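Notebook open, viewer running. I wanted a quick pass over the ligand site and a handful of residues that caught my eye.

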Amino acid sequence: MQREGWGSKIAFILAASGSAIGLGNIWRFPYQTGMNGGAAFVLIYLVSVVSFGVSLFLAEITLGRFTKRNPVGAFKTIKPNSKWFLVGILGIVTAIGILSYYAVIAGWTLYYGVIGLFKGFKGFTSETLVKQTFLSFSTNTQLNIFLLFVFVFLTVSVVSFGIKSGIEKLTKTLMPLLFVIIIYLAINSILSPGASKGLSFYLKPDFSKINPKVVLFAITQAFFSLSLGMGTMVTYGSYLSKDDYLPSSALLVSITDTFVAFMAGLIIFPILFTVSGLTPKEGPALVFIVLPVVFSKISGGSLFGTLFFFLLVIAALTSTVSLLEVPVAYFIDEKKWSRKKASLITGSLAFLLGIPSVLSFGQVKFLERLPIVGKPFLDLMDIVWGNLSLIVGALFLAIFVGYVWGINNAVSEIESGKKRFKLKKIWSFILKYFAPPTIIIILVAYAVSL
Ligand code: PHE
């Protein structure tokens with residue numbers, strides 16, 4: 001059977017940015033920034049995107065296009081009879097792990113869209129109101145399991161239809177609208193009275209806040225946001241054609257993704273500090289507490305808010321689709337499963353694994369505060385899959401492309417179209433000598449600081 005491919009280069013860019021842009025930008029980036037000291041975190045995140053991020057993005061799509069395989073198959077093609085395929089397996093497990101709790105948060109966005117539609121956001125003017133709403137919603141087990149189910153179901157449906165028909169259609173039309181709303185909201189927040197405190201938290205680095213955890217979490221936020229370190233971009237790259245010039249795609253997607261995250265911070269922090277009682281350390285609930293306040297303050301807020309949450313649902317869906325596509329491509333390529341069977345089985349797994357995350361907001365005390373780690377189950381999942389696993393995956397990927405496959409082979413794949421790759425020296429330096437030691441040092445420093 002012929003392997004499916006993207007309809008055009010623009011289709012790839014749209015799908016790759018669909019994967020990159022999602023809750024990672026709008027939910028996770030502000031919450032991580034808030035938990036990890038503000039502007040210093042933002043700075044390290046930005047440096048990480050420019051250094052590791054773009055380079056690893058390019059490494060992943062190049063590996064994918066060359067091998068035309070899922071992550072496991074990609075390692076096997078280049079280095080058969082070795083243990084390297086285990087890095088691919090880690091990616092597949094990570095995809096299901098991330099999907100499980102990501103879909104829970106995606107369910108929240110769906111619910112907030114529905115609130116906007118039926119109640120509007122005018123009433124959300126104080127800390128107590130927004131927190132009460134969040135609390136009574138997040139502890140409603142049946143509703144949250146239902147929302148998780150709806151989201152996984154949507155994801156499975158899109159993935160079962162295959163690459164072209166499923167993903168391309170979704171991304172083409174709706175993302176520009178989300179961009180416009182985000183820019184409008186950011187301008188409103190910046191100009192609102194009292195914005196300066198939030199702006200300085202977000203933009204004026206306090207270097208005393210930097211420690212191994214902050215650095216580790218900032219780097220991994222860059223990976224999470226760009227969908228790197230677990231083979232999503234290997235998988236998406238595998239559907240690319242030889243004529244596409246990969247470096248410009250890597251750059252374009254990275255810039256767009258980072259822009260959206262940066263804007264999300266500009267929406268959240270200026271408003272956050274104007275509501276008494278709210279702090280940046282609200283954790284995963286942060287944007288669901290602050291955004292309703294943002295919408296209560298602007299004219300047309302209920303309309304914009306509703307639209308915003310529903311567009312965020314679509315943005316999250318194009319990300320969950322890319323997460324599910326990783327194990328699905330693996331089972332199709334390596335185990336010869338049908339696309340439907342692969343989507344259904346892996347989707348069900350993610351759903352089941354998502355249930356303890358749903359229950360970690362107070363319904364089950366044990367899951368709300370796990371022994372030893374002292375954190376809710378969902379937060380632990382986010383740390384294990386969204387931070388640690390991605391950075392380990394990224395480390396091995398850099399080593400693999402830099403040393404095992406080799407920069408020269410990778411560059412000749414990049415140059416297999418007509419264009420030369422002018423930045424190959426810097427790229428090679430980053431993959432071989434910058435990324436691996438930096439990641440190892442940070443991992444060790446973090447482990448020691450625990
Ligand atoms: N990048 C996505 C986001 O920011 C999440 C994601 C991570 C998707 C890893 C695929 C792989 O929402």
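These are my entries, starting with the ligand and moving outwards; the model is a predicted one.

**Entry 1: the ligand site**

I started with the ligand's surroundings. I get 15 residues around the ligand, and the closest are Ala 20, Gly 24, Tyr 102, Phe 224 and Ser 227.

Which polar atoms of the protein does the ligand's nitrogen chemistry meet? I looked up the pairs one by one. A ligand nitrogen sits 2.8 Å from a polar backbone atom of Phe 224. For Ser 227, the partner is in the side chain: one of its N or O atoms is 3.0 Å from a nitrogen atom of the ligand. On the oxygen side, I noted a ligand oxygen at 3.3 Å from a side-chain N or O atom of Asn 25.

Then I checked the cover. On its own the ligand has 320 Å² of accessible area, and the protein covers 100% of that. The cavity list agrees with the picture on screen: the space the ligand takes up is the largest cavity. As for which elements build the shell, those that contribute two or more residues are helix 1 (9-20), helix 2 (23-35), helix 10 (212-225) and helix 14 (301-335).

**Entry 2: Ser 227 again**

I went back to Ser 227 for its backbone. Ser 227 is placed in the loop between helix 10 and helix 11. Its phi is positive, about 60°, although the residue is not a glycine. Buried or exposed? I put Ser 227 down as buried, because its relative accessibility is 11% and the cut-off for buried is under 20%.

**Entry 3: Lys 68, another positive phi**

Lys 68 also has a positive phi, about 55°, and is not a glycine either. I found Lys 68 in the loop between helix 3 (39-67) and helix 4 (71-78). With a relative accessible area of 31%, Lys 68 is partly exposed.

**Entry 4: helix 9, two faces**

Next I looked at helix 9, which covers residues 195-203, and marked Ala 195, Gly 198, Phe 201 and Tyr 202 as buried. Why do I call that one face? Viewed down the helix axis, the buried residues of helix 9 fall within an arc of 130°, so they line one face of the helix. The face turned away from that buried side carries the exposed residues Ser 196 and Lys 197.

**Entry 5: Ser 238**

I moved on to the loop between helix 11 (232-237) and helix 12 (246-272), where Ser 238 has its place. Ser 238 counts as buried, at 1% relative accessibility. I asked what its side chain reaches, and found the backbone oxygen of Thr 235 at 2.5 Å.

**Entry 6: Arg 339**

Arg 339 is in helix 15, residues 339-358. I checked its accessibility and got a relative accessible area of 15%, so Arg 339 is buried. A polar atom of the Arg 339 side chain lies 2.9 Å from the backbone oxygen of Val 159.

**Entry 7: Ala 435**

Last lookup of the session. Ala 435 belongs to helix 18, residues 424-449, and is buried at a relative accessible area of 1%. I also pulled a C-alpha distance here: Ala 435 and Leu 395 are 40 residues apart along the chain, and their C-alpha atoms are separated by 7.0 Å.

Definitions and conventions:
Residues are numbered from 1 along each chain as its sequence is written. This is a predicted model: local features need pLDDT of at least 70, side-chain atom pairs count only at pLDDT 80 or more; totals for chains, interfaces and linings use all residues. Side-chain values use heavy atoms; hydrogens and water are left out. Buried means under 20% relative accessible area, exposed over 50%, partly exposed in between (1.4 Å probe, protein chains only). Helices (H or I, at least four residues) and strands (E, at least two) are DSSP runs, numbered from the N terminus. The arc is that of the directions from the helix axis to the C-beta atoms. A residue is near a molecule or strand if one of its heavy atoms lies within 4 Å of it. A polar contact is a pair of N or O atoms within 3.5 Å; within protein, one must be able to donate a hydrogen and the other to accept it, and residues adjacent in sequence count only if both atoms are side-chain atoms. Accessible areas come from the Shrake-Rupley method with a 1.4 Å probe; for residues, only the protein chains shown count as cover. On a 1 Å grid over the protein atoms alone, a cavity is a set of points where a 1.4 Å probe fits but cannot get out, and a pocket is an open set with protein on both sides within 12 Å along at least five of seven lines; lining residues have an atom within 4 Å of a point. A molecule sits in a cavity or pocket if more than half of its atoms lie within 2 Å of its grid points.
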